[in-house]
Amino acid sequence: MITIDIALGVSLCLSVMIIFFGFMWFKYAVVDDGVNREASSAGIVRQCPYCSHIIISNGKTEVVRCPLCQSYLEEGIHD
Ligand SMILES: [Zn+2]
């Protein structure tokens, strides 16, 4: 019979959790960041001035509509 005392069990559980969250962070920081960078290079990243929602438009349509607050955003306005 395998006996595991409470200290070993807690440390094993914490180690598994740390490895799991480390892996999730790695996936979020490296994999998803690469996907976002790809999308931003393919389209135009805009921020809605009313609700600050981030919109990625393809640049083909003249008027972009915010999917969150349904307000129209004009294209071609630069500072
Ligand atoms: Zn909005």
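**Exercise 1. Find which residue stands opposite Arg 46 in β2, and work out how β1 and β2 pair.**

Step 1. Arg 46 has Ile 55 in β2 standing opposite.

Step 2. Look for a second facing pair: Gln 47 stands opposite Ile 54 in β2.

Step 3. Now take the two strands as wholes. In this predicted model, β1 and β2 run antiparallel to each other, paired over four bridges.

Step 4. Finish with what joins the strands. The hairpin of β1 and β2 has six residues between the strands.

**Exercise 2. Describe the layout of the protein: which elements does it have, and in what order do they come along the sequence?**

Step 1. Count the elements: the protein has one helix and four strands.

Step 2. Put them in order. Along the sequence the pattern reads α-β-β-β-β.

Step 3. Place some of them by number. Helix α1 covers residues 6–42, β1 covers 44–47 and β2 covers 54–57, while β3 spans 63–65 and β4 spans 72–74.

Step 4. Ask how the chain folds back on itself. Of the contacts between residues at least 6 apart in sequence, 5% join residues at least 24 apart. Buried residues account for 0% of the 79 residues.

**Exercise 3. Ser 52 and Gln 70 each sit in a loop; find which loop, and say whether each residue is buried or exposed.**

Step 1. Locate Ser 52. This residue belongs to the loop between β1 and β2.

Step 2. Check its surroundings: Ser 52 counts as exposed because it has 10 C-beta neighbours inside 10 Å, and the cut-off for exposed is 12 or fewer.

Step 3. Look at the backbone. Ser 52 is not a glycine, yet its phi is positive, at about 60 degrees.

Step 4. Turn to Gln 70, which is found in the loop between β3 and β4. With 9 C-beta neighbours inside 10 Å, Gln 70 counts as exposed. Gln 70 is not a glycine either, and has a positive phi of about 60 degrees.

**Exercise 4. Why does Leu 68 count as partly exposed, and which residues does it touch?**

Step 1. Place Leu 68 first: it is in the loop between β3 and β4.

Step 2. Count its neighbours. Leu 68 has 13 C-beta neighbours inside 10 Å, so it counts as partly exposed.

Step 3. List its contacts. Leaving out residues up to four places away in sequence, Leu 68 touches Cys 48, Cys 51 and His 53.

Step 4. Add a distance. Leu 68 and Tyr 50 are 18 residues apart along the chain, and their C-alpha atoms are separated by 9.9 Å.

**Exercise 5. Work out where Tyr 72 lies and what it touches.**

Step 1. Tyr 72 lies in strand β4.

Step 2. Setting aside residues up to four places away in sequence, Tyr 72 touches Val 63 and Arg 65.

Step 3. Tyr 72 is exposed, because 8 other C-beta atoms lie within 10 Å.

Step 4. Compare positions along the chain and in space: Tyr 72 and Cys 48 are 24 residues apart along the chain, with 9.0 Å between their C-alpha atoms.

**Exercise 6. Which element has the lowest mean pLDDT, and which the highest?**

Step 1. Begin with the whole protein: its mean pLDDT is 80, and 77% of its residues reach 70 or more.

Step 2. Go through the elements. Helix α1 has the lowest mean pLDDT, at 80, and β2 has the highest, at 83.

Step 3. Keep one caution in mind: where pLDDT is low, predicted coordinates should not be read in detail.

Definitions and conventions:
Residues are numbered from 1 along each chain as its sequence is written. This is a predicted model: local features need pLDDT of at least 70, side-chain atom pairs count only at pLDDT 80 or more; totals for chains, interfaces and linings use all residues. A residue is buried if 20 or more other C-beta atoms lie within 10 Å of its own, exposed if 12 or fewer, and partly exposed in between; C-beta atoms are placed from the backbone. Two residues are in contact if their C-beta atoms, placed from the backbone, lie within 7 Å. pLDDT is the predictor's confidence in each residue, from 0 to 100. Two strands pair if DSSP finds at least two bridges between them.
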